[in-house]
Amino acid sequence: MIPSMEPYVAGTTDFHRPVYRTLTSPSQVRLEARRSIFIGLAAPAPDEGVALALLADARKRYSDASHHVSAWVIGGENRLQRYSDDGEPQGTAGLPVLDVLRRQQLEDAAIVVVRYFGGTLLGTGGLVHAYGRAAAMAVRESQPVEMTLSDTFRITIAYTDYDRFRHQAEQTGFLLREPSFGMDVEVPILVKAGQGPRLEALLMDCTAGAG
């Protein structure tokens, strides 16, 4: 069963992102605010199915919790932002969690904040602060990283040219993977999308056109 979510916050088509920020790994943090316990869960979410799975797992693991608040931003061609207050007063839970993702310009990322009510009302401001802080702690623990859309090329080059080419390629910002050594050197290289001609020019220059 898919839980009830707030309407789409934003949606744009043909959204291309050669560079974007996302999360490195799943995380879990704990925050106590006036006897209420908040458990923040954050994880990479390349599609909405992964985000929904994170929420479903939180509901299962913490089935006795008072609320399971969630928010996610899925990038790509159809950009999607969703959030849910899950029974908390409108605007006090899901939106502050979503704002953490927005402020840090994160995409393909999901957050769930589980709350165990401690018997003391936090008020509107208290809820906003607690949910936002738990979300921010979870994001920090997940170690945000910048991703760059890349193309991969496999270069074949003579041993005599390899060291010079490797040095200049690394100085240019290309990322060389582990080479294979046979009759010649074969090495996979990652370059930013659209920079293939620049790599080709460097290869031709370093090998006098033989690479």
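A pocket is here an open set of grid points with protein on both sides within 12 Å along at least five of seven lines, and its lining residues are those with an atom within 4 Å of a point. The model to which this is applied is a predicted one.

The largest pocket holds about 190 Å³ of space. Its lining consists of T148, S150, T172, G173, F174, L175, L190, V191, K192, Q195 and R198. Strand β12, which spans residues 185-192, supplies 3 residues, the largest share of that lining. Sorted by class, the residues around the pocket comprise 4 nonpolar, 5 polar and 2 charged.

Two of the lining residues, T172 and R198, lead to a pair of helices, since T172 belongs to α4 and R198 to α5 in the contact between them. Helix α4 covers residues 159-172 and helix α5 covers residues 196-207; their axes lie 9 Å apart, and the packing angle is about 150°. Because of that angle, α4 is roughly antiparallel to α5, an assignment that applies to angles over 145 degrees. The handedness of the crossing of α4 and α5 is right-handed.

On the α4 side, the contact involves D161, R164, F165, Q168, A169 and T172, which meet R198, L199, L202, L203, D205, C206 and T207 on the α5 side. These contact residues comprise 6 nonpolar, 3 polar and 4 charged.

A further helix pair is found earlier in the chain, formed by α2 (residues 94-103) and α3 (residues 123-141). The axes of α2 and α3 come within 8 Å and cross at roughly 35°. This crossing, too, is right-handed. From α2, the residues in contact are P96, V97, V100 and L101, while α3 contributes V128, Y131, G132, A135, A136 and V139. The contact of α2 with α3 contains 9 nonpolar residues and 1 polar residue, with no charged residue, whereas the contact of α4 with α5 includes 4 charged residues.

Conventions:
Residues numbered from 1 in each chain as written. Predicted model: local features only at pLDDT ≥ 70, side-chain atom pairs only at ≥ 80, totals over all residues. Heavy atoms only, no water. Axes fitted to C-alpha atoms, helices over the stretch in contact; angles between N-to-C directions. Helix = DSSP H or I, 4+ residues; strand = E, 2+ residues; numbered from the N terminus. Parallel < 35°, antiparallel > 145°, perpendicular 65-115°, else oblique. Left-handed = near helix turned anticlockwise from the far one by under 90°. Contact = heavy atoms within 4.5 Å. Nonpolar A, V, L, I, M, F, W, Y, C, P; charged D, E, K, R; others polar. 1 Å grid on protein atoms, 1.4 Å probe; cavity = no way out; pocket = protein on both sides within 12 Å on 5 of 7 lines; lining within 4 Å. Points joined across faces, edges and corners; volume = space filled by probe spheres on them.
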